[in-house]
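I open a new page in my notebook for this structure. I plan to look up its charged pairs, one of its helices and its nonpolar cores.

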Amino acid sequence: MVGGKSVSYAPTPQTTPTRYRERARYDREVVHRILDEALICHLGYARDGHPVVLPTTHARVDETLYLHGSTGSGPVLAAGPAGLPVCVTATLVDGLVLARSALHHSMAYRSVVVIGSARLVDDEGEKRLALAALLDHVAPGRAADTRPPNRRELAATAVLALDLVEVSAKIRAGGPADDAEDLALPHWAGVVPLSLVAGRPEPAADLDPAVALPSYLESYRRPR
């Protein structure tokens, strides 16, 4: 137990993979690292009996995942008093796994799946906290370096909150898993590593030259 919480999430039928179960992870630290590194997540829900999956930004605050939206977006309109049943996924691609056989090609990846009922954040204090967390998730320190939203902007922005209860991570690492009879084939096999690398920040065309590049952007990189 850490801080009164188990170090792992409890597996459920919905968070247990049907294939490659050995890749599943339930450690809170592993799940948190993946969510904190990923810039984009995908929110899935049912609308008029049909599945809908939308990309959005997110931020984790302790054991709550906040999802950015607008007051007119489908998930926000569908989230009633009882909440909105959702499935949220985040994926990081770490490499291309190239095998000798076509069937065994894969990717090195880290992913998280969160299942639960998302609630609409209607408390102003919590909404402001969540919006600040969303900014700091993109660039730590950014929330304090911007004008906070005014009343009109706050009213036009929506935030969904999802408790991290039914959660699992899945990780695929290492090289290709070719069949023994294919090892002598004359085809290159291995891993092409991939990573997200930030370029030099480019100032806005109308930025006052006297405004210096903030320190948190000088050597920007995603946490890992």
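Entry 1, charged pairs. I began with Glu153 and Arg147, whose side chains meet in a salt bridge with an N to O distance of 2.9 Å, and I kept in mind that this is a predicted model. Glu153 counts as partly exposed because its relative accessibility is 22%, whereas Arg147, at 57%, counts as exposed. I then noted a network in which salt bridges with shared partners join Glu37, Asp94, Arg110 and Arg224. A search of the whole structure gave me 12 salt bridges.

From that network I looked up Arg110 and Asp94, whose side chains form a salt bridge at 2.7 Å, N to O. Arg110 belongs to strand E7 and Asp94 to strand E6, so this pair ties together parts that lie 16 residues apart in sequence. Are these two residues buried or exposed? I found that both Arg110 and Asp94 are buried.

Entry 2, helix H3. I recorded that H3 covers residues 124–138, which is 15 residues, and that it reaches 22 Å from its first C-alpha to its last, close to the 21 Å expected at 1.5 Å a residue. The residues of H3 that are buried are Glu126, Lys127, Ala130, Leu131, Ala133, Leu134 and His137. They are on the same side of H3, because they cover an arc of only 160° around the axis. Among the elements that cover these buried residues I listed H1, strand E4 (58–61), E5 and helix H4 (151–156).

At the start of H3, I found a side-chain oxygen of Asp123 within 3.2 Å of the backbone nitrogen of Gly125. Glu124 forms a salt bridge with Arg128, and their closest N and O atoms are 3.2 Å apart; both residues lie in H3, four residues apart, about one turn of the helix. Glu124 is partly exposed at 31% relative accessibility, and Arg128 is partly exposed with a relative accessible area of 29%.

Entry 3, nonpolar cores. The largest nonpolar core has 27 residues, and I noted Val86, Val88 and Val112 as those with the most contacts inside it. Several elements each supply at least two residues of this core, including helix H1 (28–37), strand E2 (41–47) and strand E7 (106–120). Which element gives the most to this core? I found that E6 does, with five residues.

I followed Val86 further and, leaving aside its neighbours within four places in sequence, found it in contact with residues including Leu43, Tyr45, Val114, Ile115 and Leu162. Apart from this largest core lies another core, of 10 residues, among them Ala59, Ala130, Leu131 and Ala133.

Technical notes:
Residues numbered from 1 in each chain as written. Predicted model: local features only at pLDDT ≥ 70, side-chain atom pairs only at ≥ 80, totals over all residues. Heavy atoms only, no water. Core = buried A, V, L, I, M, F, W, Y, C linked by side-chain atoms within 4.5 Å. Buried < 20%, exposed > 50% of the residue type's maximum accessible area, 1.4 Å probe, protein only. Contact = heavy atoms within 4.5 Å. Expected span 1.5 Å × (residues − 1). Arc of directions from axis to C-beta. Polar contact = N/O pair within 3.5 Å; in protein donor to acceptor, adjacent residues only side chain to side chain. Salt bridge = Lys/Arg side-chain N within 4 Å of Asp/Glu carboxyl O.
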